[in-house]
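User: Could you walk me through some of the labels used for this model? I'd like the reasoning behind each one.

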Amino acid sequence: MNTPESVSPESVSPESVSPESASPEIVSPEVLCRADGLAKHVTGPGGRLTILHDLSLSIGAGEAVAIVGASGSGKSTLLGLLAGLDTPSDGDVELCGERLATLDEDGRAALRAGRVGFVFQSFQLLPTLTALENVSLPLELGAITDAPRMNGSGPTGIAREALERVGLTPRAGHYPRQLSGGEQQRVAIARAFAPGPRILFADEPTGNLDLATGQKIIDLLFALRADAGAALVLVTHDQALAERCDRRLGMRDGHLEALA
Amino acid sequence: MSARFRIRTSAWWLALKLLRRDWRSGELYLLSAALVLTVAAITAVGFFTDRIERAMQRQGGELIAADLVIDSSRAIPETFADEAARRGLAIARTLTFSSVVLAGDSSQLVQVKAVDDTYPLRGSMRLKADLDAAELPTDGGPAPRTAWVEPRLLYALGAEVGTGIDLGEVGFTADRLIAYEPDRGGNFFQIAPRVMIRLDDVPATGLVTEASRVRHRLLLGGPPQAIADFAAWAEPKLPAYAGLLDAREARPEFESAVDRASRFLHLAALTTLLVAGAAIALASRRLVDRQTDAVAVMRCLGAPRHVLTRIFALRLLAFGLIASLIGCLIGWLGQQGLALVLADWFDGPLPAPSVAPVFVGLGTGLVALAGFALPPLMQLADVPPLKVLRRDLGAPKTSVALAALAAAAALALLILWQAGDFELAWKLLLGVVGAVAALVALGAVMVWLAGLAAARTRGIWRLGLAGLSRRPAAAILQITGFGLGILALLLLAVVRVDLLQSWQQTLPEGAPNRFLINIQPHEKDALADWFAERDIDSSGIYPMVRGRLTGIGGETVEPDDYEDPQAARLADREFNLSYSDVPQGDNEIVAGRWWAGPDPLPQFSVEEGIAETLGIALGDELRFWMAGREVAAPVTSLRRVVWDSFNVNFFVIGTPGLLAGEPATYVTSFYLPAAREALVPELLRAFPSVTLIDVGALLEQVRGIIEQGIRAVEYVFLFTLAAGLLVMYAGIQASLAVRRGEHGVLRTLGANRGQLLRGLLVEFTVAGLLAGLTASIFAELTGYVLARQVFDLPFAPNPWLWVFGVLGSGVAIGLAGTLGTYRALVRPPLAQLRAA
Ligand SMILES: Nc1ncnc2c1ncn2[C@@H]1O[C@H](COP(=O)(O)OP(=O)(O)OP(=O)(O)O)[C@@H](O)[C@H]1O
Ligand SMILES: [Mg+2]
């Protein structure tokens, strides 16, 4: 894989983020995601607003961590920073062995490709793609950016398997608007797991679903996570859901505290 | 296979896949329709103008008796005839010179034209056995030692048909009268009567020596492409004393008609391009809106910006190529249909279309897409991935400056490339850019007013108006889209109703089809009476004096001073001047003033076209050499002449005091219906010294070109119409996505359908009225500028334009917008929330 051509001089190009150099096994065997002195301020109409205060945490490989807290306490903001979707005002995040501060926007995207999965409250499926195409999209993007792991069966084959694992094979050709909310979220879960991620970020994945459906979705999420051995960062209001994780962190006014 | 190469191929692959998916989902329909339409219009016009111009050229060939002529003041090197023969072109030769014929005791100055048997290559000679006999077309030139002569020569000599005349050393029998000579036109007003003899007989006469002033012509005929190729080959090789001549240059009437026809066609194509460009811009704006979320998700899934950029660019390129090819195909089919519609206007089949328009079409599609759609789509790659978590993060701010710059650059490029006619292009562009600027400003004002009004109203109105001012970009785009659509429709109306009609009117039924020249001063009044008794309308009988232009503003005029061969020819020949107290009715003074008062100071009025060609400015002193003395006076006015009206017109007119003393003849033109053809011999008998020139054929050709042109333009305007409707549809669509969410919210807040519908109706009607007003103003302005400055046609404002433009668009857009949006409204709120 690490052929001379694939190592380009620009450190930000996706080719340079080859799996070996970014591999957590080499740099830091047990910690997949670490935040140090993380802070986020925004300047709004009412002056400077601090959303996160000097916050640190670390998440090990295969670990499931729940973040709970009131609405507006900064959970989504934290998730965005940990996943490299946003940049902190202060402090640094280390994800899969790379310090995000050293990467630019594209470098962070390349780092996410194939290693980081997402599940959102509002599903975020692309309306113009069928269920199957939605699932294979990250694999296809990965093929372009030369992301790790692509076994012989190709994006569509992997996507089919993933859809089968969430029990949606019969709906593979349907568009998101033809699926129920629960089904859409199952597609989203299949999409998140298809590339075989090391860590999964989920922001209130059951927030838009009824109780029973939400329960099924959570079962599915945890089952797939166990299979894949991926770490999970789960943001939720739901205490019962949080109980299923290895560790619970509470968020209050931008501060993080370990919960029992 | 290197990694980079793998990246590139898979990016292509994914781009194509995404393109297919977008297409399937219907996201691309609007953009495709706009692009296909643009390309189809441009290619159809390209194919068609190409063909029609060549067909017109060929038809005009009659005016020079060939498709192409090499005109030379010395013997034409044989290499040209050899090359023409090698290329399989038909060849004829003519020689013209002045000489004197003798018959018994009388002698007469004549213009001799020697021709071979293949002359003429286009059109035909018509001869009469005597004055009262029927005109018969002839094949082949005069027999050895016979001559064809103009009737007035025999009158001048006091001889009959069959008389013997001497030309130089040789005696000829004048056995036929010339009724019609196809390429006579080039020199309507030549004084000396025509004598035509065989080319083979010339050497024996001993009249042509190295030193004589002789015009040599090599006439060439063949398929358009072969002619064009030959012209391209010959042009650089011609010696300085020779020049190429085609039908357009030969006759100002013909040239101005063909010019107008192709200007009209280009106008139609450019209007379509401009309007469809707006539709492309609106459609891609909408595409960007609808893809923002998808891009955020893709970035979140690990697609770096440069990969997205590449995918978008490739996807757009693939899309552009496919849509442009389809557009080319439709354009080709369209011009086939057009050729069918117009087939009866042409003698033979139209020349086959060339392939060039396909490349023009493809290029147009790609450039239009790059200019109108690429900037907003490229900015998509900057959508922050955080948008997946925070819905309130909007699409990245599109850089208006960048988008406007790209669109302007694309337009300029396309127009420069498209419009063979720069003046037309920039005036049209100016009109449209002005309209867009005004529409944008109007939209901004409307949004601002809505914001003010929202603060003073309550309930549903407040929400609706606040909604309007909350999405200013969409509202402004919408008004601009509506306005451009209406502008296109109104321009169609202006061009169709006003411009094309005034063009047709330049050559009404009864336009003069005969010129009468060499009318002697003593015959003038008798001729006027003769016309009056027979109820024939003439265009007026004008005095004509001849003079050689010798000086402009203190500089002496030498033909060699002019680079432009046409100018050199003009400077070389005698001018026909006239004098008058009043300007001719259809002449328009464009600079300076016409002389007034009973006894004005000596001065000249010059036709603007020739003034430009020869570099004559207002105030310059012109000097003419006429009949042994020099006449000089300043130029005090420039006139615009409608050449294709077939009225008698003069390049230079002087004050009576300046020219009335010169020996003059008189000229007139009149309309002779086919049924009164019998008057011709009667006229020639009554006024034997005059020369009658039949311009009926030329007139019919010019009229044919006008009719063809009008039909072709109407047909091409169908594309513009479609583009106008499309841009309005795009305008309605532009706000639909935002509205959907809004209406869902408003309805959940308790607004009922009736209230929402009323709000929509008011909003769209107001938008329609304002857009219609702006569009009417600009349609009228553009129409005026086009008529006066580009097409040289009269223009009168049309009050109906305002009625239809303002009220019509208010009603039409009010209804169409409301109905178009209502569909989104009547869906149950749940479906709306799902779709949002
Ligand atoms: N860019 C920003 N500008 C202004 N305020 C912001 C910005 N980003 C976040 N906030 C504010 O920071 C606070 C935390 O937001 P965040 O979305 O992280 O909360 P949350 O814990 O996810 O809430 P919820 O449970 O409702 O999703 C909120 O008050 C939010 O309005
Ligand atoms: Mg949140």
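Analyst: Sure, here are a few labels with the cut-offs behind them. This is a predicted model, so local features need pLDDT of at least 70, side-chain atom pairs count only at pLDDT 80 or more, and totals for chains, interfaces and linings use all residues. Residues are numbered from 1 along each chain as its sequence is written, chains are lettered from A in the order in which they are written, and side-chain values use heavy atoms, without hydrogens and water.

User: Why is the pair B:F80 and B:W233 called edge-to-face?

Analyst: Rings of Phe, Tyr and Trp (its six-membered ring) pair if their centres lie within 6.5 Å, with planes under 30 degrees apart stacked, over 60 edge-to-face and the rest tilted. Here the centres are 5.8 Å apart and the planes sit at 70 degrees, so B:F80 and B:W233 are edge-to-face.

User: And what makes B:F80 count as buried?

Analyst: Buried means under 20% relative accessible area, exposed over 50%, partly exposed in between (1.4 Å probe, protein chains only). B:F80 has 3% relative accessibility, so B:F80 is buried.

User: Why is B:Y542 with B:F650 edge-to-face?

Analyst: Their ring centres are 6.3 Å apart and their planes are at 70 degrees, so that pair is edge-to-face too. Both B:Y542 and B:F650 are buried.

User: How do you know that A:R177 lies over the face of A:Y175?

Analyst: A charge sits over a ring if NZ of Lys or CZ of Arg is within 6 Å of the ring centre and within 35 degrees of the ring normal. A:R177 is at 5.2 Å from the ring centre of A:Y175 and lies over its face. Likewise, A:R244 lies over the face of A:F222, at 4.9 Å from the ring centre.
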